[in-house]
Amino acid sequence: MCLYKRVSIFIAYITLLCLVSKGIYAFEPELGSTRVVFQTNYGDIEFGFYPSVAPKTVEHIFKLVRLGGYNTNHFFRVDKGFVAQVADVDGGRTAPMNEEQRAEARKTVVGEFSEVKHVRGILSMGRYDDPDSGSSSFSMLLGDAPHLDGKYAIFGKVTKGDETLGKLEQLPTKREGIFVMPTERITIHSTYYYDTKTETCEEERSLLKRRLSAASVEIERQRMKCFP
């Protein structure tokens, strides 16, 4: 019986190693509390950041969001089962940029490559041959792409709106060089962001106020009963 248990544990250990080597148990870092929402003509897409994995990339992209840099931008690439890619802010928007937006959009960030896997929903920075040439274009993965692992900086993942990504995948496309592109413009009309911790605190504060109010009523009722 003891020998049987040892053999079973050994087999389980080998199986686990195989699963890890194949990426089935891929490392998934903790999401930060910030959420960003892109409002497109096909629905909303919400995503969060991995600040512990790519802090400089997260800081840069989130600053562009706060500045309104992605408003009126678009998805220039939709390759079904692969990626939906957001265009560079500088050149991708229909609205003119102010100086602060332009300055931030033209910055590049160092390539923060990690062990996180490219699977559906992951956010991955676009870049040229230079590993440190990432700017403001990034992809939302529409499927697993292990050939990108360790070569492109992952900085977050989609938290809501996979159905919107599914709609984008069904749109007619055309091929231009290496890119598969939608035949119509997929506009990011507007963006906003919020903090999940703040939302939780607001709910807790509201609940606490209701409890305090109810307690005050009960205390007053008891006071009137005992001390008329």
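This is a short tour of a predicted model, stop by stop, with something to select at each one.

Before you click anything: residues are numbered from 1 along each chain as its sequence is written, and side-chain values use heavy atoms, with hydrogens and water left out. Because the model is predicted, local features need pLDDT of at least 70 and side-chain atom pairs count only at pLDDT 80 or more, while totals for chains, interfaces and linings use all residues.

**Stop 1: the barrel**

Switch to cartoon and follow the strands. Helices (H or I, at least four residues) and strands (E, at least two) are DSSP runs, numbered from the N terminus. Eight strands make a closed barrel with antiparallel pairing, in the order β1-β2-β7-β5-β6-β4-β3-β10; two strands pair if DSSP finds at least two bridges between them. On average, neighbouring strands of this sheet are turned by 35° against each other, direction ignored.

Now zoom in on residues 83-86 and 138-141. These are β4 and β6, antiparallel strands joined by four bridges. Pick Ala84, and you'll find its bridge partner in β6 is Met140.

**Stop 2: two helices on the strands**

Select residues 55-66 next. That's helix α2, which packs on the sheet and touches β1, β2, β5, β6, β7 and β10; contact here means heavy atoms within 4.5 Å. The direction of α2 makes about 110° with that of β10. For such angles, axes are lines fitted to C-alpha atoms, for helices over the stretch in contact, and the values run from 0 to 180 degrees between N-to-C directions.

Then take residues 162-169, helix α5. This helix lies across β1, β2, β3, β6, β7 and β10, at about 120° to β2.

**Stop 3: charged pairs**

Side chains of opposite charge can pair when their charged atoms come close. The rule used here asks for a side-chain nitrogen of Lys or Arg within 4 Å of a carboxyl oxygen of Asp or Glu, and the count comes to eight salt bridges.

Show sticks for Glu99 and Arg102, a salt bridge at 3.0 Å, N to O. Both sit in helix α4 (residues 99-105), and because they are three residues apart, about one helical turn separates them. Glu99 is exposed at 60% relative accessible area, while Arg102 is partly exposed at 22%. The cut-offs: buried is under 20%, exposed over 50%, partly exposed in between (1.4 Å probe, protein chains only).

Add Arg120 and Glu169, which meet at 3.1 Å, N to O. This pair links distant parts of the chain: Arg120 is in the loop between α4 and β5, and Glu169 is in helix α5, 49 residues apart. Arg120 is partly exposed at 33%; Glu169 is buried at 13%.

One more selection: Lys63, Glu104 and Lys107, linked in a network of salt bridges.

**Stop 4: the cavity**

The structure holds one cavity of 30 Å³ or more, and the largest has a volume of about 50 Å³. A cavity is a set of points, on a 1 Å grid over the protein atoms alone, where a 1.4 Å probe fits but cannot get out; lining residues have an atom within 4 Å of a point. Grid points are joined across faces, edges and corners, and the volume is the space filled by probe spheres set on the points.

Select some of the lining, including Thr57, Phe113, Arg127 and Ala153. Finish on Thr57 in helix α2, buried at 0%. Leaving out residues up to four places away in sequence, Thr57 touches Val109, Val110, Glu112, Met125 and Phe155.

Conventions:
On a 1 Å grid over the protein atoms alone, a cavity is a set of points where a 1.4 Å probe fits but cannot get out, and a pocket is an open set with protein on both sides within 12 Å along at least five of seven lines; lining residues have an atom within 4 Å of a point.
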